[in-house]
Amino acid sequence: MTKAGKVAGRGQEEGQGAELFGRGPERFALDGLVAAVRAGESRVLVLHGPGGIGKTALLDHAETTAAGLRTLRTAGLAAETELSYAALHRLCAPLFDRMPKLPPPQRTALETVFGTRDGRPPERFLVALAVLGLLSDVSAEGPVLCLVDDAQWLDRASAQVLGFVARRLLAESVGLVLAARDHVVDLRGLPELEVAGLPEADARALLRSVTHGPFDPHVLDRIVAETRGNPLALRDLPHGRPVPRLAGGFALLSADRPDDPALRARIAALPRPARLLLLIAAAEPVGDPALVWQTADRLGVTPASALGAGIEGLLAFDVRVIFAHPHVRSSAYRSAPAEDRRRVHRVLAELTDEHTDPDRRAWHLAAAAPVPDESVAVALERAAGRARDRGGLAAAAAFRQRAVALTADPARRASRAAAAAEVSLRAGDLESASSLAGLAARDADGDFVRARAHLVRARLAVLDSARWPPPNDSGPAPDADFGPAGEGRPLRSVDRPDRGARSGPAGEAVSAMLAAARRIEPFDLDLAREAYLLAWGAAARTGHHLAAVSQAVPPPAAEPEPADLVLTGYARLVTGGPGEAVPMLRRAAAALAARPVAARWGWLAGGVGAALWDDGALRDTLGRAADGARAAGALADLPSSLVPLAVATAWTGDLGAAAAIAAEAGRVGKAAGVPVDPDARLLIAALRGDGAAAPGPAGLWTAAVLGNGLARYEQALDAARAAVASADPWVSRWALPELVEAAVRVGDSERARTARADLAEATKGCDTDWARGLAARSRALVSDGPAARLLYAEAVERLGRTRLRPELARAHLLYGEWLRRRRQRVEARAQLRTAYEMCSAIGMAGFAERARRELLATGETARRRTPEAATDGELTAQERQIALLVRDGMSNPEVGARLFLSPRTVEWHLRKVFAKLGIGSRRQLREALRP
């Protein structure tokens, strides 16, 4: 697709739509231009820079900054450079309805060149005046921003007209920003800004953000130098590659880049010493000049024989050996004979110190081995262990995969394949994990190795089943639209889901996980318990075979590990109820608080806090699980921790931070090729009062929240009934307060009392403010008189001691509604005003509107407020995430390491945060963004 097409469709190009790294001066210039246009002035700027340098991303930034302004956008097309006025036609098309306002000669000229009127070609001067008139006319109604990408491909007529217009903009409130690779003759003399490569710190941050894991720092430095900070070249590095192919930098030879015939021809024409020097530099990923020349000397290549023989412009020697472009490295490596590549790697291995850099030495030995070699395979296994301990799962997977390839004995190869499959799965290389598990299952000479292979296959089946859409009878139809607050669009009613006998891929995946756990149990009980826990999690997530998995769980060990306590507690929750499960879950919570949380099942451990109705433990466990998965580079596991963490964060009322966490889950899931649950996005949308119904238990629960927020209680009742009836052990409990509220509002007292009793059972033994607060609020709804008053007051008091601001706001709202209906208007106003202020500050538009209407009914006026206006101005999700981390005590480098940003980029974001919040120091963030 052409860039113009992508601009029209808002697609991805040169980082378009992605996070901007650095670019402080460029953003400052564009922000100033937009601010001047907002103030009634006209501004022009031409951005110059090579392809991929980020000009399109800067135009995106300008468009985002110009929210509220009328924006016209187009791009030059190489295919239309000979079509006069083609680009101008695309730019002005939205303004065609204004042409009748132009003076007749100008209108005639413009209609003629645009092909809507027959006639002789008009003077170009007259066309330019007409375009200036159009922009002047539309700017009378509000500021206008015109963005033109790829101006080097503008047809000559369009370029001349735009240059004419740019030189004559004075007080029209029009901004014109053009981006071009080269200097365009017809745009000379206009204000310009050169866009260069990213500074090193920002380029490193960008590369870390797209590789999603630990990366060899020396290799990273060489890549930054070779790409010269070009964002497109940096983003292109992992494109289309499985994560372990990068191997944290160890395997980065660029051998899988597209071939460049011209480069290959140029390299083939070089003398053999020059070709061999290029090959040595390509095979040595760090760019160490001493090591390159030592290797060259061993292979009989001297500077005199290799340099000055046409190699100029391809390779440079400085502090590092740097190729002119990564494609040169690829072509040099791929065009070399296989025997030469092995010879080079063999010498590099001999010259690499086995004590200071054993991993890279092992990798060179592997690349030098023409046939299976057991000693090299052992060295690779050791390197994999060291990489895993450092948190480099990508490198560990690459080492293990190569060890499998160098193993001759079938049984040993099968064992290594099982281990490689496990680590490849966790690193996000699902394709390799599948093929390696198949190899292990086929060639294993024992049941244990075969059982490990089946476990990998089962986990892959669970991931695949998550991509399969569940039947629509499990929740609201996908097209059921709840709409934003106040629009009055109907909700689709929901019937009780029919689980039936048909389970589809989801049920089959759970059965496979359970079978794999049983296979492992005779050989490794700890691994088996972890497998049972994963099977239980898959069953809870899909709603299939949860009772069967719970009943199959082995009894706890005499000295149980955290995974054992969690598994046993969950099994008892299903088979015996909360009364039987809570004591074991409390032991699990204590163990989890005192120990690191395993990345593989950390997302499940968070459910302990949910089962105990302990919001602090819920957030703490999930946060530590996500940190552990990040540190380990476990891309396949990380989204499973981030999504429930985003849900828990949304429950605190910090919807901006929750959205940022959910966005991180989406990015990592895309990089690893794993599906990401929509639960967090659904809850955030439901709390904001705007969302569409979705299938599955979480979709039902959030639909109930949304319906109650919009005062559409019949639909909320239907959704809550279905959620409570679901097999999901968490959602079926979380939906009970929604069911009580909706049933009371529609007058179904019996159902409300039943749901209230079920909630009392679900919170049995959980003496927390979350549990007691929700129980008191729900009891108040089905009570009356003094008892109801006391219960509402208890709910407010208990929920006020938690961080669950949305639940507290809703307690104030329900209390205020109850008081108003009893004509106690003064007291009602106090509760409703609190509810309205809290809901508005959080961004709960539906509930805020409910409170506003109730306030009006008490005789008090309440103006609608913009969500989040009271707490964070107009902070973006990225700005808010940075502000919260700084508020909590992190330094700029610490924030940068956490979010894959450079410290300078963090500081740039912080300046914008301070300006939006009207503060001047980091200390003031604690007051501006209170926990």
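In this predicted model, the contact between two helices is made by Leu618, Arg619, Leu622, Gly623, Ala625, Ala626, Ala629 and Arg630 on the α30 side, which meet Leu638, Ser641, Leu642, Pro644, Leu645 and Ala648 of α31. Sorted by class, the α30 contact with α31 comes out at ten nonpolar, two polar and two charged residues. Two packed helices are described by the angle between their axes and the distance between the axes. Here helix α30 (residues 615-632) and helix α31 (residues 638-651) pack at about 150°, and their axes are 9 Å apart. With the cut-off for roughly antiparallel set at over 145 degrees, that angle makes α30 roughly antiparallel to α31. As for handedness, α30 and α31 cross in the left-handed sense.

Next comes the sheet. Five strands build an open sheet, ordered β2-β3-β4-β1-β5, with parallel pairing. The edges are taken by β2 (70-75) and β5; each has a single partner strand, so one side of each is left without a neighbour in the sheet. On average, and ignoring direction, neighbouring strands of this sheet are turned by 15° against each other. Strands of a sheet pair through backbone hydrogen bonds, either parallel or antiparallel.

Strand β1 (residues 43-48) can be followed residue by residue. Six bridges tie β1 to strand β4 (residues 174-180), and the two run parallel. Within that pairing, Leu47 has Ala179 of β4 as its bridge partner, while Val46 stands opposite Leu178 in β4. Strand β1 also pairs with β5 (residues 192-194), again in the parallel sense, over three bridges. Val46 turns up here too, with Glu192 as its bridge partner in β5. As for exposure, β1 is mostly covered, with five of its six residues buried.

Two helices can be added to this picture. Helix α6 (residues 124-139) lies across β2, β3 and β4, and runs at about 135° to β3. Helix α3 (residues 55-65) has eight of its eleven residues buried, so α3 is largely enclosed by the rest of the structure. The buried residues of α3 are Lys55, Thr56, Ala57, Leu58, Leu59, Asp60, His61 and Ala62.

Then there are the backbone oddities. Most residues other than glycine have a negative phi, and most peptide bonds are trans. Asp150 goes against that habit, with a positive phi near 50° in a residue that is not glycine. Asp150 sits in the loop between β3 (144-149) and α7 (156-168). Its relative accessibility is 2%, so Asp150 counts as buried. His545 is another case: not a glycine, yet with a positive phi of about 60°. The loop that holds His545 runs between α25 (525-542) and α26 (546-552). Because the relative accessibility of His545 is 36%, and partly exposed covers the range between under 20% and over 50%, His545 counts as partly exposed.

Finally, a charged residue in a covered spot. Glu854 belongs to helix α42 (residues 845-857). With a relative accessible area of 10%, Glu854 is buried, and Glu counts as charged. Leaving aside residues up to four places away in sequence, Glu854 touches Glu817, Arg820, Arg821 and Leu832.

How values were computed. Residues numbered from 1 in each chain as written. Predicted model: local features only at pLDDT ≥ 70, side-chain atom pairs only at ≥ 80, totals over all residues. Heavy atoms only, no water. Helix = DSSP H or I, 4+ residues; strand = E, 2+ residues; numbered from the N terminus. Buried < 20%, exposed > 50% of the residue type's maximum accessible area, 1.4 Å probe, protein only. Axes fitted to C-alpha atoms, helices over the stretch in contact; angles between N-to-C directions. Parallel < 35°, antiparallel > 145°, perpendicular 65-115°, else oblique. Left-handed = near helix turned anticlockwise from the far one by under 90°. Contact = heavy atoms within 4.5 Å. Pairing = 2+ DSSP bridges.
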